[in-house]
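Trainee: I would like to learn how to read burial, cores and empty space from a set of coordinates. Please take one feature at a time.

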Amino acid sequence: MPIDYEAIWDRVTDTATAVTEGIARGITRLMGSSNERQIRKMQLVVERINELGPKLRELSDAQLRELTDDFRRRLRDGESPDALLPEAFAACREASHRTLGKGRWVDDPFTGRKIPYMAHFDVQLMGGMVLHAGKIAEMVTGEGKTLVATLGAYLNALDGKGVHVVTVNDYLARRDAEWMAPIFHALGLTVGFIQSNMENADRQGAYNCDITYG
């Protein structure tokens with residue numbers, strides 16, 4: 001009876017694949033997936049941002065605005081944007097609560113605790129970290145993409161080189177810029193937006209802003 005080498009090879013490769021997949025699953029269970037490890041790291045940063053919340057709430061509006069000057073000085077002195085991220089995100093979060101949320105507090109539907117209205121949720125803070133890292137954060141409608149973008153935009157505008165927030169049409173560019181402008185203004189930054197029918201002078205003015213929506 002002839003030997004079926006192909007069948008033998010199939011069994012060998014199937015066994016090797018099963019062993020490899022079993023090892024991979026075991027390592028993943030032990031150490032977590034790459035995504036899970038990244039989330040754990042981000043959660044530690046979120047905890048730091050939340051710890052800063054009470055301290056920032058004690059600041060006056062003028063003192064909150066002055067944080068931008070302090071952050072810029074620290075960048076010039078060699079501190080990295082990553083090192084500034086927790087404080088910058090916390091400042092942006094507080095500015096959002098004061099301007100868009102009018103300082104109101106609401107009941108958290110999940111825990112029942114009082115939480116600051118229009119302050120970035122933990123998952124939104126994580127989304128901001130992902131954007132700052134130059135990666136893609138996928139969010140469904142209603143999860144607050146427009147608010148999330150303010151985090152990375154603020155942090156990366158601190159070096160004075162300007163930040164562009166890109167969306168899909170003129171309407172959204174203007175709407176988002178006008179909607180989020182109070183946050184940036186509270187932090188001492190300028191905001192502009194680009195429209196397809198703009199005069200050159202107006203377009204230049206928008207591009208000269210700290211943050212430009214287009």
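Trainee: Is Arg-74 buried or exposed?

Mentor: Buried means under 20% relative accessible area, exposed over 50% and partly exposed in between, with a 1.4 Å probe and protein chains only. Arg-74 counts as buried because its relative accessible area is 14%. This is a predicted model, in which local features need pLDDT of at least 70, side-chain atom pairs count only at pLDDT 80 or more, and totals for chains, interfaces and linings use all residues. Residues are numbered from 1 along each chain as its sequence is written, and side-chain values use heavy atoms, with hydrogens and water left out.

Trainee: Where does Arg-74 lie, and which residues is Arg-74 in contact with, leaving aside neighbours within four places in sequence?

Mentor: Helices (H or I, at least four residues) and strands (E, at least two) are DSSP runs, numbered from the N terminus. Arg-74 lies in helix 3, residues 61-76. Contact means heavy atoms within 4.5 Å. With its neighbours within four places in sequence left aside, Arg-74 touches Glu-79, Leu-84 and Glu-87.

Trainee: What is the secondary structure of the protein chain?

Mentor: The protein chain has eight helices and five strands, in the order α-α-α-α-β-β-α-α-β-α-β-α-β along the sequence. Of its 214 residues, 38% count as buried. Among contacts between residues at least 6 apart in sequence, 61% join residues at least 24 apart.

Trainee: How many residues does the largest nonpolar core have?

Mentor: A nonpolar core is a set of buried Ala, Val, Leu, Ile, Met, Phe, Trp, Tyr and Cys residues joined through side-chain atoms within 4.5 Å. The largest one here has 44 residues, and Tyr-154, Phe-184, Ile-211 and Tyr-213 have the most contacts inside it. Helix 4 (residues 81-99) provides the largest share of this core, eight residues. Beyond four places in sequence, the contacts of Tyr-213 include Val-165, Met-180, Phe-184 and Phe-193.

Trainee: How many cavities of 30 Å³ or more does the structure hold?

Mentor: Rolling a probe the size of a water molecule over the atoms shows where empty space is left. On a 1 Å grid over the protein atoms alone, a cavity is a set of points where a 1.4 Å probe fits but cannot get out; a pocket is an open set with protein on both sides within 12 Å along at least five of seven lines; lining residues have an atom within 4 Å of a point. Grid points are joined across faces, edges and corners, and a volume is the space filled by probe spheres set on the points. The structure holds one such cavity, with a volume of about 60 Å³. Its lining includes Arg-57, Arg-93, Glu-94 and His-97. Helix 4 gives the most to this lining, with four residues.

Trainee: What is the volume of the largest pocket, and which residues lie nearest its centre?

Mentor: The volume is about 590 Å³. The pocket has 26 lining residues, of which Gly-144, Lys-145, Thr-146, Leu-147 and Val-148 lie nearest the centre. Helix 5 (122-132), helix 6 (145-157) and helix 7 (170-186) are the elements that give two or more residues to this lining.

Trainee: How much space lies in the second largest pocket?

Mentor: About 510 Å³. Of its 21 lining residues, Met-42, Met-126, Gly-127, Met-129 and Val-130 lie nearest the centre.
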